[in-house]
Amino acid sequence: MSHFSPDNIESLAVSAISAAAYLDACDNGARTVRLDPNYYLACGNVLQQIFSLIDPCLHFPILLEQSAAARDVVESLRIGRRIGISRLGYYPELAVVLNRASV
């Protein structure tokens, strides 16, 4: 994790809250929100990037408490880390094949 100033964290929090709010609104079928697939994807990517940089449990506990989308992103990052570790540790041949395929 990188070190950020309180102002940096506050700016990232505003972006994370906005992205999570849009995702939650779309996921809950809010009639006041127009679903834009590209924006939905961008919001998911923003949350993923922010949560990859900063520990969301430490810096955004209220967001995680209130947003299902934020919790889903945190869980998907945890699963991704576990798969990455398991793949390298238990399936080195698979790791080589997957790395070749991703190029």
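**Exercise 1. Burial and span of helix 1**

Determine which residues of helix 1 are buried in this predicted model, and compare the reach of the helix with its expected span.

*Solution.*
Step 1. The criterion for burial is a relative accessible area under 20%. In helix 1, the residues Ile9, Leu12, Ala13, Ala16, Ala19, Ala20, Tyr22, Leu23, Asp24, Ala25 and Cys26 are buried.
Step 2. Helix 1 contains 22 residues, and the distance from its first C-alpha to its last is 31 Å. This is close to the 32 Å expected at 1.5 Å a residue.
Step 3. After helix 1 comes Gly29, which has a positive phi, near 70°.

**Exercise 2. The surroundings of Asp24**

Establish where Asp24 lies, whether a salt bridge accompanies its burial, and which backbone nitrogens its side chain reaches.

*Solution.*
Step 1. Asp24 belongs to helix 1, which covers residues 6-27.
Step 2. Asp24 is buried but has no salt bridge. Its nearest side chain of opposite charge is that of Arg71, 6.9 Å away. A salt bridge requires the nitrogen and the carboxyl oxygen to be within 4 Å, so this pair does not qualify.
Step 3. The Asp24 side chain reaches two backbone nitrogens: that of Ala69 at 2.9 Å and that of Ala68 at 3.5 Å.
Step 4. Leaving aside residues up to four places away in sequence, Asp24 touches Gln66, Ser67, Ala68 and Ala69.

**Exercise 3. Phe4 before helix 1**

Locate Phe4, classify its exposure, and list the residues it touches.

*Solution.*
Step 1. Phe4 is located in the segment that precedes helix 1.
Step 2. The relative accessible area of Phe4 is 28%, so the residue is partly exposed.
Step 3. With residues up to four places away in sequence not counted, Phe4 touches Ile9, Leu12, Leu53 and Ile54. Of these, Ile9 and Leu12 are among the buried residues of helix 1.
Step 4. Between the C-alpha atoms of Phe4 and Gly29 there are 35 Å in space, for a separation of 25 residues in sequence.

**Exercise 4. The salt bridge**

State how many salt bridges the structure holds, and describe the placement and exposure of Glu75 and Arg78.

*Solution.*
Step 1. The structure holds one salt bridge. Glu75 pairs with Arg78 in a salt bridge whose closest N and O atoms are 3.8 Å apart.
Step 2. Both residues, Glu75 and Arg78, lie in helix 5 (residues 68-90), three residues apart, about one turn of the helix. An α-helix has 3.6 residues a turn, so residues three or four places apart point the same way.
Step 3. Glu75 is partly exposed, because its relative accessible area is 34%. Arg78 is also partly exposed, at 35%.

Key:
Residues are numbered from 1 along each chain as its sequence is written. This is a predicted model: local features need pLDDT of at least 70, side-chain atom pairs count only at pLDDT 80 or more; totals for chains, interfaces and linings use all residues. Side-chain values use heavy atoms; hydrogens and water are left out. Helices (H or I, at least four residues) and strands (E, at least two) are DSSP runs, numbered from the N terminus. Buried means under 20% relative accessible area, exposed over 50%, partly exposed in between (1.4 Å probe, protein chains only). Lys and Arg count as positive and Asp and Glu as negative; His and the chain ends are not counted. A polar contact is a pair of N or O atoms within 3.5 Å; within protein, one must be able to donate a hydrogen and the other to accept it, and residues adjacent in sequence count only if both atoms are side-chain atoms. Contact means heavy atoms within 4.5 Å. The expected span of a helix is 1.5 Å times one less than its number of residues.
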